[in-house]
Amino acid sequence: MLILAATPIGQVADASRRLADALVSADVVAAEDTRRLKRLASDLGVEIGGRIVSYFEGNEERRTPELAAVLADGQTVVLVTDAGMPSVSDPGYRLVVAAIAADVAVTAIPGPSAVLTALAVSGLPVDRFCFEGFLPRKAGERTTALTELARERRTMVFFESPHRTETSLRAMADAFGADRQAAVCRELTKTYEEVARGGLAELVEWAGGQEQGVRGEVTIVVGGMVAEARTYAPDDLRALVAQRQGEGLSRKDAIEQVAGETGTRKKDVYDAAHS
């Protein structure tokens, strides 16, 4: 079995009992940083029982077949990254694909997530969201990526390195508009946790005003595009109701559906349909 184990993004007390048990019982523990793994085990007061191997961006492609062979041999591999859930902008995806191809069970030990934590504390809509990971480093590619997202209605979550945060916020302000609401979440769950909220232009100023620059792990949450309100004339509403009726709806259901689709009061749609 392959176990993707979430690790704390800040407070070690957020680690689950299942994570500690898995580190003890696994045949192999694959870690993005073996030194951090050993420090985590020490903080949890456990001793890793199996073999420890490194599994990071530099050796992920080469090591995946090796770990897939271990899994196919019937052993249990626990995969951990420096913080959060493996494979979410971290090593892991290749190994999951290889395990599935080898008909090996894949499961997860859920736990801390910078994506969901930032989204929850941002104060922005959480009913629909998308995770966009890290923006491209090159200016042209970054601009293209943000331009494609300019009309995205869902709340967007990005990871960013601290030294690129101000540059990325400025590019977002250019692509999405200076007033688009956003939140910069840094050092989540840690001692110096900070959440800066406001329009993108305000956040550019906030980032530029940091004496030592933005520091720590950074997650940026940006509100989606808000559709401009449209006023529908009675003739338009009557035509929409007739169209829905032509599709098989009763007049009552057609009026209700048009009211929901257009954001118009049901009474106004009813009056238009009967005028």
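This passage goes through the sheets, the aromatic pairs, the main pocket and one long-range distance in a predicted model.

The strands fall into more than one sheet, so to speak, and the parallel one is a handy place to start. Here five strands make an open sheet, ordered E3-E2-E4-E1-E5, with parallel pairing. Strand E3 (51-54) and strand E5 (106-109) sit at the edges with a single partner strand each, so one side of each has no neighbour in the sheet. On average, neighbouring strands here are turned by 25° against each other, direction ignored. Looking at one edge in detail, strand E2 (residues 28-31) and E3 pair in the parallel sense over four bridges, and Val29 stands opposite Ile52 in E3.

Helices cover this sheet too. Helix H2 (34-44) lies across E2, E3 and strand E4 (77-80), and its direction is at about 140° to E3. Helix H3 (residues 60-72) lies across strand E1 (2-5), E2, E3 and E4, running at about 155° to E3.

The other open sheet is mixed in its pairing, and its five strands come in the order E6-E7-E10-E8-E9. Its edge strands are E6 and strand E9 (194-199), each of which pairs on one side only. Between neighbouring strands of this sheet the average turn is 15°, again ignoring direction. Within it, E7 and strand E10 (residues 218-222) are antiparallel partners over five bridges, and Met156 has Val222 as its bridge partner in E10. Helix H7 (residues 165-176) packs on the sheet, where it touches E7, strand E8 (181-186) and E10; the direction of H7 makes about 10° with that of E10.

Now for the aromatic rings. A pair of rings is described by how far apart the centres are and by the angle of the planes. With centres required to lie within 6.5 Å, the count comes to two aromatic pairs. In one of them, the ring centres of Phe131 and Phe159 are 5.0 Å apart and the planes are at 70°; planes over 60 degrees apart count as edge-to-face, so that is what this pair is. Phe131 belongs to strand E6 (residues 129-134) and Phe159 to strand E7 (residues 155-160), so the pair ties together parts that are 28 residues apart in sequence. The two rings differ in exposure: Phe131 is partly exposed, at a relative accessible area of 29%, whereas Phe159 is buried, at 13%. Ring pairs also bring in Phe134, which joins Phe131 and Phe159 in a cluster.

Next comes the largest pocket, with a volume of about 990 Å³. Its lining has 42 residues, and the ones nearest its centre are Pro8, Ile9, Asp82, Ala83 and Gly84. The elements giving two or more residues to this lining are H2, helix H5 (114-122), E6, E7 and E10. H2 has the largest share of the lining, with five residues. That is the helix that lies across E2, E3 and E4, while E6, E7 and E10 are strands of the mixed sheet.

Finally, a look towards the other end of the chain. Asp271 is in helix H11 (residues 266-274) and is partly exposed, with a relative accessible area of 36%. The C-alpha atoms of Asp271 and Ala5 are separated by 58 Å, and the two residues are 266 residues apart along the chain.

Note on methods: Residues numbered from 1 in each chain as written. Predicted model: local features only at pLDDT ≥ 70, side-chain atom pairs only at ≥ 80, totals over all residues. Heavy atoms only, no water. Phe/Tyr/Trp six-rings, centres within 6.5 Å; stacked < 30°, edge-to-face > 60°. Buried < 20%, exposed > 50% of the residue type's maximum accessible area, 1.4 Å probe, protein only. Pairing = 2+ DSSP bridges. Axes fitted to C-alpha atoms, helices over the stretch in contact; angles between N-to-C directions. Contact = heavy atoms within 4.5 Å. 1 Å grid on protein atoms, 1.4 Å probe; cavity = no way out; pocket = protein on both sides within 12 Å on 5 of 7 lines; lining within 4 Å. Points joined across faces, edges and corners; volume = space filled by probe spheres on them.
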